[in-house]
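Here is a short set of exercises to work through with the model on your screen. Try each task yourself before you read the solution.

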Amino acid sequence: LGLDMEELEEIEEDAGLGNGGLGRLAACFLDSMATLGLAAYGYGIRYEYGIFNQKIRDGWQVEEADDWLRHGNPWEKARPEYMLPVHFYGRVEHGATGAKWVDTQVVLALPYDTPVPGYMNNTVNTMRLWSARAPNDFNLRDFNVGDYIQAVLDRNLAENISRVLYPNDNFFEGKELRLKQEYFVVAATLQDIIRRFKASKFGSTDSVRTVFDSFPDQVAIQLNDTHPAMAIPELMRIFVDIEKLPWNTAWDITKRTFAYTNHTVLPEALERWPVDLVEKLLPRHLQIIYEINQRHLDHIASLFPNDMDRLRRMSLIEEGGTKRINMAHLCIVGSHAVNGVAKIHSEIVKTQVFEDFAALEPEKFQNKTNGITPRRWLLLCNPGLAELIAEKIGEDYVRDLSQLTKLHEFVDNDLFIREVAKVKQENKVKFALYLEKEYKVKINPSSMFDVHVKRIHEYKRQLMNCLHIITMYNRIRRDPAKLFVPRTVIIGGKASWARRYHMAKMIIKLINAVAHVVNNDPVVGSKLKVIFLENYRVSLAEKVIPATDLSEQISTAGTEASGTGNMKFMLNGALTIGTMDGANVEMAEEAGEENLFIFGMRVEDVAELDREGYNAQKYYNELPELQQAVDQIESGFFSPKEPDLFKDVVNMLFHHDRFKVFADYEAYVKCQEKVSELYLNSKAWTKMVIRNIAAAGKFSSDRTIKEYARDIWHVEPSDLKIPPPNEPRDAVEDKTPNGTAA
C-alpha cells in the first residue's frame, strides 16, 4: 500500500493500562505463556484512561488525561454475550439455608478480548479486560418515577469504575473507587472462570450440583500482588453461599487454587483496607474475612499458646486506630504458594516482611526471578543486534534465550566486537536524531549515553544521579582543559506517589533546573548534556534502551524487589552501574561481578547503618564535592530566580532520607570514574558488553513462566507447534490433556 511500517507504529497509542514494572511484567508473561503453549488467560480492567501523559512545562511535571481509545482500538473485540453482573453495597441476611447478600447495587462487566499470539507457533491466547456498564434499569427500578433524565445521567456513577487507572506505583491510597475496581475485576473474572469450568467435561454435574473436587486441578489463579486479593473471600462466597459447599471443603479448594506473588517490601505500598469501607461496600466479604481470620488465629493459638504478640502480628486484621485488613496476610493464608520476584527479595520476604508466616509454613515460600520477553525487548526494538546474534548462533535463541551463552566463544573475535559496537553506534545516532527533533538539543552521538529511566521515586534515588551530574559539572568547570569522557545523561519517568507527591515533582524540577544550567554553560560545551525524557512509556523505552551505554540501577539495597528495566538494558548491550539489589544481584552472578559496575552498601550494611543511626550530616562534612553540590542546590545556583526553591529537597536529604543517598554518594562517584575509564577503551568496553549479553539468557520471561508452570501451577509447557487453521488437526478441543489453565 506504499505505507511505511515505522510511521504506522508511531501513530499507534500505547495501551498504558498499568504502573511501572507490574503491568509490563504481566504483558511479558502473557507473551511467554502463549509462546510456551500454555492455556492461560490474562484478566484486567479496560481503563478508558490509562497512566497519565506527562508534559514538562517550565521544568515541572504536568499531567494530561491519556485518552488512548480516542481513535478506537483495532485489536479488541467486545463480547457482550459474556457480560456479567457484579454486586456492591447491600446487606447480609442469615437464614436456615445460610447467608444471603441482598439489596445490592448491580454493575455489569462487559468483556473485551485481545488476542495474544505466541511466537511463530500458531497459538493465540486471550487477554480479557472488563469494562463497567450500568444496567438499563439503573436508578429506574424505584416505582417513584423520579427524574428520568437524572437517572440516565447517573449511569456514569456505575460506569466510572473502569474510567481511570490509579497512577500510584509502590504506594497504597485507600480510596473507595479503587476498592470497587479491585472487586469488579475479581468478581467478573471468577464468574467467568467458574462458567468455563462448569462447561468443561471436568465440571460434571450430579443432576443438581457441580462437583468442584477437581477445580484446583483444572484451574490455577495467580494473584499479581495484593490488588486482586478480594478473589479469596469472593471464591469462598461463591462456594459456600451459592454452591452450598461446607466451609472446610471450600477453603481447601480455594487454597489449592490461589498463589500469590509479592512485588514490593515498601511498607507504604502494602494494601491495608479500612474495615469500615469494606463493611459498607462488601458486607458479606468482611464476614468471610473475619471467619478466615478466626480459624487462622485459632490454629496459631493451638501451636503457640499464650503468644498474644504473635497473634497480633499474624492477624489479617490490624487493630489500633482505624481497624484495617492486611491484604498481604489474607493472600498468604489463602494461597498454597507465595513467591518473591528475585532471590534477594524472596529472602527478605521470608526472613523479614513475613517471617512469622514463613516460620509456620516454610514450604509455601518460593522465588521466581522476573524476566522479560526477548520478542519485544530484543527482536522488535533492536533488530540490528538480534540479526547479528542470529548470524553467530542461529535463530533458535529467540525461543530459548539460554543459548546466548554461545556468544562467549566470540568475546575475542575482533570482527564480532566491531559489529556489536557498530550496531550500538547506529542505535545511538538514530536516538540522537530523535532527541534533536523532540528537544532541540544537539547530542554528541560518540558521548556515553548514561540512562536512568524508571518511575520517579525516592527509593530509586534519581537524586543520587543528580548529585553525580552536578559533581561532573563542577569538575569540568574547575579544570576545563582536563580530559573528560563526554556524557549524555538521560533521566526519565513519571512522578506519582500521592503522599510524597510533592517531593517527586521537586525531583523532576531539580533535574530540569540542573539540565538548564549544564546545557547552557559554554565552558561545558558538548562534554556533558542532561536531558529529562518526557512521558517515559513502553514505546519510548523501545527507542532509548537499544541506544544506551550505561544503565543506572541504583536503588538502596533491599528496596527494589527485582526490577526488569535492568534486564532489558543488559540484553541490549548496555553495561550496568548498580547496587546489590533486586535482580542486579543475579545479573552479577550470571555475568561475573567484574562485568558489572557494582557499588555501595549491601543489605547488611544498610541494616547496620539503621542500627547505629544514619547521620547524613557526617557525609556532608567529610566529602567536599558532596558539600559543594548540596550547597549549590540549597543556595539557588540552579534556581537563581527562586533561591530557596529546593530547600525541601535538601531538608529531606539531611533529616528524613530513608534511602540514604549521601551514604552511597562517594562509592557511586568513584564507581562512575571506573565507568568513564573503561569507556575510553572501546574494545574492552565492547568485550564486557558481549559478556553481559551472553549472560542475559536467564532473564527471559520464558524461563520465569516455566518455573511458575512447574512449581506452582503444575502444568506442562509444550513446545509443540499447533498446525495452522488451514491444516486439519486431531482432537481440536483437547489441546491440553493435563487440562490445567492458569
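A residue counts as buried when its relative accessible area is under 20%, as exposed when that area is over 50%, and as partly exposed in between. Keep those cut-offs handy, and keep in mind that this is a predicted model.

**Exercise 1. Sort Asp-213, Lys-244 and His-714 into buried, partly exposed or exposed.**

Start with Asp-213, which you'll find in the loop between strand S11 (209-210) and helix H6 (215-218). Its relative accessible area is 54%. The cut-off for exposed is over 50%, so Asp-213 is exposed.

Next comes Lys-244, in the loop between helix H7 (231-242) and helix H8 (247-257). Here the relative accessible area is 35%, so Lys-244 is partly exposed.

Last, go to His-714, in the segment after helix H29 (701-713). With a relative accessible area of 54%, His-714 is exposed.

While you're there, look at the backbone. Lys-244 isn't a glycine, yet it has a positive phi of about 60 degrees. His-714 isn't a glycine either, and its phi is positive too, at about 55 degrees.

**Exercise 2. Find how far apart the C-alpha atoms of Asp-213 and Ala-250 are.**

Along the chain, Asp-213 and Ala-250 are 37 residues apart. Now go through space: their C-alpha atoms are separated by 9.4 Å.

**Exercise 3. Work out the strand order of the open sheet that contains S14, S15 and S16.**

Begin with the edges. Strand S14 (272-274) and strand S15 (317-318) each pair on one side only, which makes them the edge strands. The order is S14-S16-S15, with antiparallel pairing.

Now zoom in on one pair: S14 and strand S16 (residues 324-326) run antiparallel and are joined by 3 bridges. In this pairing, Trp-273 has Ile-325 of S16 as its bridge partner.

**Exercise 4. Describe strand S22 (residues 550-553) and its links to S19 and S23.**

First, a general point: in a regular strand the side chains alternate between the two faces of the sheet. In S22, Leu-550 and Glu-552 point one way, while Ser-551 and Gln-553 point the other way. All four of these residues are buried.

Then check the links. Strand S19 (residues 448-453) runs parallel to S22 and is joined to it by 2 bridges. Strand S23 (residues 575-578) also runs parallel to S22, with 4 bridges between them. Ser-551 is a handy landmark: it stands opposite Val-451 and also opposite Thr-576 in S23.

**Exercise 5. List the buried residues of helix H26 (residues 647-655) and the helices they pack against.**

The buried ones are Val-649, Val-650, Met-652, Leu-653 and Phe-654. They pack against helix H18 (462-478), helix H19 (501-519), helix H24 (616-622), helix H25 (624-635) and helix H27 (661-680).

**Exercise 6. Decide whether the radius of gyration of the protein chain agrees with that of a compact globule or disagrees.**

Step one is the expectation: for 742 residues, a compact globule would have a radius of gyration near 27 Å. Step two is the model's own value, 27 Å, so the two agree.

To round off the picture, the C-alpha atoms fill a box of roughly 90 × 65 × 60 Å along the principal axes. The chain has 29 helices and 24 strands, and 57% of its residues count as buried. Among contacts with a separation of 6 or more, 75% are between residues 24 or more positions apart.

Key:
Residues are numbered from 1 along each chain as its sequence is written. This is a predicted model: local features need pLDDT of at least 70, side-chain atom pairs count only at pLDDT 80 or more; totals for chains, interfaces and linings use all residues. Side-chain values use heavy atoms; hydrogens and water are left out. The radius of gyration is taken over C-alpha atoms; the globule rule is 2.2 Å times the number of residues to the power 0.38. Buried means under 20% relative accessible area, exposed over 50%, partly exposed in between (1.4 Å probe, protein chains only). Contact means heavy atoms within 4.5 Å. Two strands pair if DSSP finds at least two bridges between them.
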